[in-house]
Structure formats: C-alpha cells, structure tokens
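Good morning, and thank you for the invitation to speak. I should like to take you through one protein model, starting from a single residue and moving outward. Please have the structure open as I speak.

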Amino acid sequence: MKEMINVFQPMLGERELAAVREVFESNWIGRGARTKAFEEGFARHLGVGPRHVTSTNSCTEATFIAMELAGAGPGSEVVMPTISFVGAGNAVASRGARPVFCDVDPRTLNPTAAHIEAALTPRTRAVVVLHYGGHPGDIVEIARLCRERGVLLIEDAAIGVASRVDGRACGTFGDMGVWSFDHGKIMVTVDGGMLYVRDPGLAARAPKLAYLGMEQTSGYDQAMREHTRWWEFELSSFSRRSVTNDVLSAVGLVQLGRLPDFVARRRRIAERYDRGLAGVEGLLCPPPLPAGHESSHYMYWIQVEGGIRDRLARDLYERGIYTTFRYPPLHRVAAYGSDAVLPGADEAAARTLLLPMHQGLTDADVDRVVEAVRECVPALLRRSRGRSLAGV
C-alpha cells in the first residue's frame with residue numbers, strides 16, 4: 001500500500017513549538033495571559049466583544065455549557081439536524097431534554113428553514129444548527145425563523161471557523177455559537193473549543209460554568225487580591241471544569257494567525273477537486289455556494305449512485321486513500337429513541353463520502369485522489385449494473 005493520505009490532518013510546526021516553549025519558560029502553564037489573548041484574538045476574528053467569548057477544553061464542553069445557559073431540561077425539546085455530531089445530541093439528552101431530529105437537504109446535508117420549522121413544537125426550547133462541511137447553509141433564514149418564534153438558536157460552528165455570510169461570521173447569527181480546535185480541525189490547539197454568547201448576562205455566566213461554578217477563578221485576579229482570604233470561594237452552580245490552559249492557547253494564537261492561509265489553501269484544493277472530478281458519470285461534487293457565502297472548506301464530499309459508496313471507500317483505502325462519512329444520522333441511534341422519518345438525510349448518508357481535505361495536501365496528493373476516484377467509480381458502477389441486470 002502507498003503511504004496513506006489522511007482525511008483530516010493538522011499543520012503544526014516550529015512557530016507553534018516556539019510558542020509552547022515560551023509558556024514552559026514562563027513557569028505558568030495554566031489558564032492565564034495567553035488564554036486571555038487567545039479569547040480576545042478569536043473575538044476579533046468573529047467581530048464581537050471579548051466578553052462574549054469563553055474558551056473551553058473542547059467544543060463538546062462548550063455545547064454542554066450552551067445547553068445549560070439555554071435552560072434545556074425535562075419537558076423541553078431541542079431541534080437539530082439528524083446529520084450532526086453526537087456531542088450535540090448528548091449535550092441535549094444529558095440535560096433531560098428531548099432531541100428532535102429534522103431532515104436535511106440531500107445535496108448540501110444542511111437543514112433549510114422549512115426543515116427546522118416542521119420540527120418546532122410548543123415545547124421547543126432551542127435549535128442547534130450545524131454548518132455542514134464548513135458551508136453556512138440557510139443560516140440567515142433559520143436565524144430569522146428562530147427570532148420570530150422566540151426560540152434560542154445555537155450554531156454548531158465546530159467546522160465553520162472561517163465561514164461567513166455577507167461578511168458576518170457563522171456562529172454569531174444566533175444566540176450562541178461553538179467552535180472546535182481539536183487535532184483534526186482547520187486550526188488546532190491540540191484540543192479545545194470556544195463559546196460565543198450574545199446576551200451579556202448569559203455571557204457573564206459562561207466562564208463560571210466553565211470553572212466549576214466558582215464565583216472566583218484565580219488567586220491572581222484583581223478581585224481576589226482585594227480579599228484577605230483569597231482562597232475562599234462561593235458557587236453559583238454545580239458545574240464541571242471545562243477550561244483550557246496557556247499551553248494550548250499559545251498554539252491557538254499561532255494557528256489563528258495562520259488561519260487565512262490555511263483556508264485559502266483548502267479553497268484551492270476544493271477547486272482542484274471540482275475540476276478533476278467534473279463529468280464523472282454517477283458522481284456529484286458539492287453544490288456551488290450561494291452568493292455572499294464563504295466556506296471554511298473543512299470537508300469535501302462526493303455523492304455516488306448505484307449503492308457503491310461503501311465499496312468505493314474500501315477500494316480507495318486499498319489504494320492508500322483514507323475516506324469517511326460524517327455524520328451518521330442521529331435519528332438512527334437507538335439511544336436517542338427517535339422514530340423520525342427523514343428521507344433526505346437517509347439518502348445523503350447512503351451516498352456521501354468525504355475525500356481527504358486538509359491544508360497539508362499537495363497538488364500531487366489531490367491528483368492521486370482524483371485519479372483513483374475517476375478509475376474506481378465507473379468500474380464499480382459497471383459491476384453494480386451488471387449484477388442488477390443479472391438479477392432481472
């Protein structure tokens with residue numbers, strides 16, 4: 001087998017190592033000045049005030065905090081597309097709320113406002129929307145719908161770190177947004193996440209929820225230095241410890257500076273895939289973006305006919321090309337107890353395959369993937385049709 005081409009892969013180097021070395025030499029590796037600087041830098045990237053963002057140790061923890069801030073609980077429902085990360089479903093279910101899964105467009109794998117509206121009930125507390133593949137989707141209309149219905153909107157922008165509509169950052173259209181910086185994302189902190197909260201009162205609660213519900217967070221804070229017994233504390237909630245630290249934030253600051261170049265490279269890779277895979281019988285590339293939409297190009301997906309998706313994934317793997325599908329429909333996960341019938345999502349889940357997409361890919365890597373797909377898809381379709389004819 002040739003050297004494997006990964007689906008996702010970070011790009012880290014000497015600048016990140018140097019930033020970590022500085023943290024080590026400072027003798028302060030916990031949550032401190034670099035974490036504050038990372039939050040401020042990410043807030044500027046979003047175009048919001050720094051008091052509205054809170055860094056966390058993962059996007060999943062940020063989503064759990066968002067659910068608590070949203071007041072999700074027993075007797076309430078949270079609507080989300082079934083093509084979503086399991087962490088979002090768990091964040092809802094763990095609060096005792098009921099996740100209600102809606103359908104998606106089978107080509108974009110994003111829900112439309114109509115899909116969301118069809119799932120709303122008087123018990124709906126919030127809506128969670130994923131920006132599939134980094135493409136913004138119908139977020140403007142979904143945000144308008146939620147405002148009109150008085151329903152909170154939480155944007156899962158985990159894979160939309162640079163996605164925008166008419167210059168506005170995805171994750172800021174709703175009441176809250178969450179982002180991921182884990183090892184497979186476009187920009188990484190090794191592991192980590194970020195939470196944006198629009199409402200100032202709720203935004204002030206977020207850092208406390210991220211640190212055990214403590215009203216005081218550090219003996220180095222000015223507020224603590226004004227107390228004689230700075231080690232004493234009070235609690236506003238019984239929360240988890242979800243904070244990040246200066247080691248990871250130092251990596252994040254470097255990666256944030258490199259983000260524009262990362263996204264530009266991914267855009268060129270997507271364009272190369274589009275050109276190379278155009279005209280392949282039985283294969284569809286991602287649909288073009290609407291005017292004003294900017295994608296983070298986190299995923300590049302193809303869709304194939306004839307029930308050949310799984311065999312195609314195996315054939316590509318044997319050629320040293322790793323592929324996958326994200327995200328398996330949550331309404332099919334027995335633990336959530338859903339009986340929803342969602343044909344668009346089922347169709348997409350049966351036909352969609354993610355090709356390698358990361359800024360470390362060379363043009364030769366992309367061409368190797370294109371060549372393999374162009375060879376495999378027609379061959380698999382011929383075999384599939386031959387079996388169908390044999391069975392007639």
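Let us begin with Val 86. Leaving out residues up to four places away in sequence, Val 86 touches Leu 330 and Tyr 336. Before going further, I must state that this is a predicted model.

Where does Val 86 sit? Its place is in helix H4. Is Val 86 buried, partly exposed or exposed? Its relative accessibility is 37%, so Val 86 counts as partly exposed. In sequence, Val 86 and Tyr 327 are 241 residues apart, yet their C-alpha atoms are 8.3 Å apart in space.

Tyr 327 deserves a moment of its own. Tyr 327 lies in the loop between helix H10 (309-318) and helix H11 (343-351). The peptide bond leading from Arg 326 to Tyr 327 is cis, with omega near 5°. For those new to the subject, most peptide bonds are trans, and most residues other than glycine have a negative phi.

Two residues here have a positive phi without being glycine. Asn 27 has a phi of about 65°, and its place is in the loop between helix H1 (14-26) and helix H2 (33-46). Asp 166 has a phi near 50° and is found in the loop between strand E6 (164-165) and strand E7 (168-169). Asn 27 is exposed, with a relative accessible area of 70%; Asp 166 is exposed too, at 66%.

Let us return to H4. Which residues of H4 are buried? They are Gly 87, Ala 88, Gly 89, Ala 91 and Val 92. These buried residues pack against H3, strand E2 (77-81), strand E3 (98-102) and strand E5 (152-156). Just after H4, Gly 96 takes a positive phi of about 85°.

H4 also takes us to an open space. The second largest pocket has a volume of about 460 Å³. Two elements, helix H3 (59-70) and helix H4 (86-94), each give two or more residues to its lining. H3 gives the largest share, with three residues. In total, 26 residues line this pocket, and Phe 85, Asp 182, Lys 185, Tyr 298 and Arg 326 lie nearest its centre. You will recognise Arg 326 from the cis peptide bond. By class, the lining of this pocket has eleven nonpolar, ten polar and five charged residues.

Next, the enclosed space. How many cavities of 30 Å³ or more does a search of the whole structure find? The search finds one. The largest cavity has a volume of about 40 Å³. Its lining is made up of Phe 38, Ser 55, Thr 56, Phe 181, Thr 189, Gly 192, Gly 193, Thr 244, Leu 248 and Ser 249. Strand E1 (53-56) and helix H9 (246-277) each supply at least two of the lining residues. Three residues of this lining are nonpolar, seven are polar and none is charged.

I turn now to the cysteines. A disulfide is a covalent bond between the sulfur atoms of two cysteines. How many disulfides does the structure hold? It holds zero. Cys 59 is in no disulfide, and the nearest cysteine sulfur, that of Cys 170, is 14 Å away. Why is Cys 285 not bonded to Cys 376? Cys 376 has the closest cysteine sulfur to that of Cys 285, but the distance is 15 Å, which is too far for a bond; the cut-off is 2.5 Å. Cys 59 counts as buried, at 10% relative accessibility, and Cys 285 is buried as well, at 15%.

One further residue links distant parts of the chain. Arg 368 is in helix H12 (residues 363-391). Its C-alpha atom is separated by 9.4 Å from that of Ile 5, although the two residues are 363 residues apart along the chain. Setting aside neighbours within four places in sequence, Arg 368 is in contact with Lys 2, Glu 3, Ile 5, Arg 319, Gly 320 and Ile 321.

Finally, the protein as a whole. The protein has twelve helices and 13 strands. Its radius of gyration is 22 Å, close to the 21 Å that the globule rule gives for 392 residues, so the protein is as compact as a globular protein of that length. Of the 392 residues, 53% are buried. Among contacts with a separation of 6 or more, 73% join residues 24 or more positions apart.

Thank you for your attention.

Key
Residues numbered from 1 in each chain as written. Predicted model: local features only at pLDDT ≥ 70, side-chain atom pairs only at ≥ 80, totals over all residues. Heavy atoms only, no water. Buried < 20%, exposed > 50% of the residue type's maximum accessible area, 1.4 Å probe, protein only. 1 Å grid on protein atoms, 1.4 Å probe; cavity = no way out; pocket = protein on both sides within 12 Å on 5 of 7 lines; lining within 4 Å. Points joined across faces, edges and corners; volume = space filled by probe spheres on them. Helix = DSSP H or I, 4+ residues; strand = E, 2+ residues; numbered from the N terminus. Nonpolar A, V, L, I, M, F, W, Y, C, P; charged D, E, K, R; others polar. Rg over C-alpha atoms; globule rule 2.2 N^0.38 Å. Contact = heavy atoms within 4.5 Å.
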